Amino acid sequence: MNRMKELIAQLQQASRAYYHENRETISDREYDALYDELVQLEKESGITMAGSPTQKVGFELVSALQKVPHAVPMLSLDKTKSAEALASFLGEHTGLLTWKLDGLALSLRYENGMLAQAVTRGNGTIGEDVTHNARVFANIPLHVSHKPPFTVRGEAVISYEDFAAINASLPAEEAYKNPRNLCSGTVRQLNSEIVAARRVRFYAISILGEGLDAEKRAQLNWLAKMGFEIVPHTLVTAQTAAEAVEKCKTEIAKAPIATDGLVLAFNDTVYGASRGVTSKFPRDAIAFKWADEMQATTLSHIEWNTSRTGLINPVAVFAPVELEGTSVSRASVHNVSILRALQLHAGDKISVYKANMIIPQVAENLTRGSVPEDENTISTVEIPAQCPVCGSATEVVSGPSGDALYCMGTQCAAQRLRALSHFASRDAMNIDGLSEQTLEKFISLGIVENFPDLFALAQHKNTIINQEGFGQKSYDNLVAAIENAKNAAPANFIYALGIRHVGLANAKLLCAHFSHDIEKIIATCADENFIEVLNEIKGFGEAIAQSLHTYFANEENRAPIREVLPLLRLQIPAQTANAQPLAGLVFVITGDVTQFKNRKELQNFIEANGGKVTGSVTSKTSYLINNDATSTSGKNKKAVELGVRVITEATFKELLS
């Protein structure tokens with residue numbers, strides 16, 4: 001591979017000099033000899049790189065990027081800024097510490113030894129097809145010797161050097177802020193000729209496929225043999241993680257490509273997969289982020305914004321500063337407690353940063369003033385007694401995250417608009433095409449006040465199609481989307497209500513506990529004995545229980561629910577429509593499985609039937625599933641020691657009969 005890459009570089013340099021600079025660096029005979037050597041090496045290895053002169057790849061122009069669902073979601077990772085947290089994450093296991101490249105995440109699918117499809121990460125579930133562009137990357141193998149299908153995931157990047165050269169060729173107003181933005185915009189181009197000129201490179205990070213080595217490092221080494229450039233990495237333990245982080249920091253400072261941290265994954269991919277996922281993140285890896293970029297600026301004033309839940313957020317407005325490549329002039333202060341702790345005054349010097357390089361935050365008041373005796377006033381920053389939107393009275397409410405300001409008006413326009421927008425959002429009722437701007441228009445027309453009105457929009461056809469930007473087709477699409485929304489799952493409906501502290505994950509737990517019976521949920525939560533019942537749900541604390549009770553005990557909230565439920569066709573998940581046969585049982589899975597595709601599918605099956613899957617055997621484990629009864633693995637030994645029954649898949653299925 002090294003020789004092939006060396007030959008490609010030599011031949012490309014010679015061609016560039018001959019065709020674009022009118023000069024010869026080698027003779028025709030020397031060029032032909034190098035070319036023939038490359039052809040022979042490609043034939044012997046079965047690998048052909050995208051930049052090889054032996055490949056005449058035509059440039060392709062597409063009309064639009066097609067949406068493609070990922071067979072396995074491309075999930076984001078939980079994050080930490082503590083090297084000690086990395087050691088704690090690993091425990092007694094070995095990990096692989098890799099650079100976290102700052103580009104565009106891609107998934108490459110190979111079939112019969114050929115690049116079949118390249119898809120962006122997108123939202124993690126659905127990405128965009130950029131195969132036409134991946135074929136002209138500077139370093140992706142178009143052909144490999146391995147014929148069975150496999151998927152490579154990694155990061156597309158543009159080097160600092162190429163970034164500077166590209167920006168220098170663009171007008172100032174079109175220049176890109178950073179290599180990440182340039183790469184993202186480039187890879188999603190419709191014209192592959194532009195992509196080829198910008199020398200995008202791909203670094204492999206992980207692989208999905210059958211028959212792979214269980215060690216992540218071995219998988220990366222295999223990818224290198226297949227012709228992929230792999231992400232820089234090092235093997236670590238809990239004892240060596242901190243030292244490795246410092247070494248990486250030094251190396252990254254000299255790197256030609258952008259990075260925004262590190263990723264630590266278990267080297268044993270089987271163990272990593274057995275740890276499962278949370279509602280947001282996989283448990284087999286964790287991201288390490290460098291310290292946030294800080295900038296000092298001057299506070300102008302505090303604005304107060306009313307959210308859909310009635311929460312009135314303080315927002316700091318300050319002189320613009322550059323953070324992580326973008327200009328920032330506003331940052332959330334979150335709640336009243338944080339506002340008081342910062343002791344903010346107009347004119348104060350403050351330091352600001354982007355949490356996780358995304359969300360602007362106020363870090364510190366550099367000219368901290370004094371807090372006056374009146375707790376409702378902080379120098380020139382006053383806590384409003386009336387909602388800035390509807391004028392209703394406000395109230396400071398204490399919660400687990402501190403004191404927060406709420407609008408007490410039930411008909412607040414800001415709450416109504418944001419609540420309706422949330423109700424229609426993708427993870428809620430998923431009413432496609434019903435944007436906040438459209439809702440605002442419908443509210444102003446008087447045809448929508450509460451969410452039941454959304455299911456009666458068909459009655460206002462003439463009003464809607466006569467609005468600017470609407471027509472018959474837009475109206476038909478909207479009505480179809482609303483009709484489709486009636487098939488939502490109960491958990492999505494509960495989440496759509498916008499109850500404080502109740503996200504989609506909590507809504508799923510709530511619905512599962514009550515067998516997806518919405519009426520039963522309402523009756524139980526509205527009852528005075530709600531606490532003891534809701535405390536039975538794992539993960540539900542007093543704040544969540546109290547919020548559910550407050551919401552469902554209010555007749556103003558129950559009335560629209562009663563109105564809309566008869567209109568819906570709520571879809572109870574098939575696996576949980578009946579009693580859950582594995583409820584209360586805790587399983588650990590080890591070894592190969594034969595009656596399921598993989599251990600992850602078996603885990604999903606167990607959880608769908610009410611059971612729980614953990615990564616290690618403890619006294620709380622009900623069963624260890626292992627098809628090898630004679631195994632001397634650590635898990636089997638621990639099970640015998642604790643008296644935990646070891647069963648095969650066949651015996652497991654008997655539990656369901």
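## A guided tour of the predicted model

Before selecting anything, colour the chain by confidence: this is a predicted model, and its protein chain averages a pLDDT of 83, with 89% of the residues scoring at least 70. Then select residues 370–379, where pLDDT stays under 50 and for which the model has 19 contacts beyond four places in sequence.

**The sheet**

Next, show the open sheet of 5 strands, whose order is S3-S14-S13-S4-S12 and whose pairing is mixed. Its edge strands, each pairing on one side only, are strand S3 at residues 79–80 and strand S12 at residues 233–236. Within the sheet, select residues 95–101 for strand S4 and residues 259–266 for strand S13, which run antiparallel and are joined by 6 bridges. In this pair of strands, Thr98 stands opposite Val263 in S13.

Keep the sheet on display and add helix H8, residues 216–225, which lies across S4, S12 and S13 and runs at about 160 degrees to S12. Then add helix H9, residues 241–253, which packs on the sheet and touches S4, S12, S13 and strand S14 (285–288), its direction making about 30 degrees with that of S4.

**A buried aspartate**

Move now to helix H5, residues 160–168, and pick out Asp162 within that helix. Is Asp162 buried or exposed? With a relative accessible area of 19%, Asp162 counts as buried, because the cut-off for that class is under 20%. Leaving aside its neighbours within four places in sequence, Asp162 is in contact with Arg198 and Arg199.

**Salt bridges**

Side chains of opposite charge can pair when their charged atoms come close. The structure holds 18 salt bridges, and the remaining stops visit some of them.

Begin with Glu128 and Arg188, which form a salt bridge whose closest N and O atoms are 2.6 Å apart. This pair links distant parts of the chain, 60 residues apart, since Glu128 lies in strand S7 (residues 126–128) and Arg188 in the loop between helix H6 (179–187) and helix H7 (192–197). Glu128 is buried, at 11% relative accessible area, whereas Arg188 is partly exposed, at 39%.

Select Lys486 and Glu483 next; their closest N and O atoms are 3.2 Å apart in a salt bridge. Lys486 is buried, with a relative accessible area of 13%, while Glu483 is partly exposed at 35%.

Continue to Arg562 and Glu555, a salt bridge with its closest N and O atoms 2.4 Å apart. Arg562 is partly exposed at 45% relative accessibility, and Glu555 is partly exposed at 35%.

Finish with Arg3, Glu6 and Glu37, which a network of salt bridges links together.

Terms used:
Residues numbered from 1 in each chain as written. Predicted model: local features only at pLDDT ≥ 70, side-chain atom pairs only at ≥ 80, totals over all residues. Heavy atoms only, no water. Pairing = 2+ DSSP bridges. Helix = DSSP H or I, 4+ residues; strand = E, 2+ residues; numbered from the N terminus. Contact = heavy atoms within 4.5 Å. Axes fitted to C-alpha atoms, helices over the stretch in contact; angles between N-to-C directions. pLDDT = per-residue confidence, 0-100. Buried < 20%, exposed > 50% of the residue type's maximum accessible area, 1.4 Å probe, protein only. Salt bridge = Lys/Arg side-chain N within 4 Å of Asp/Glu carboxyl O.
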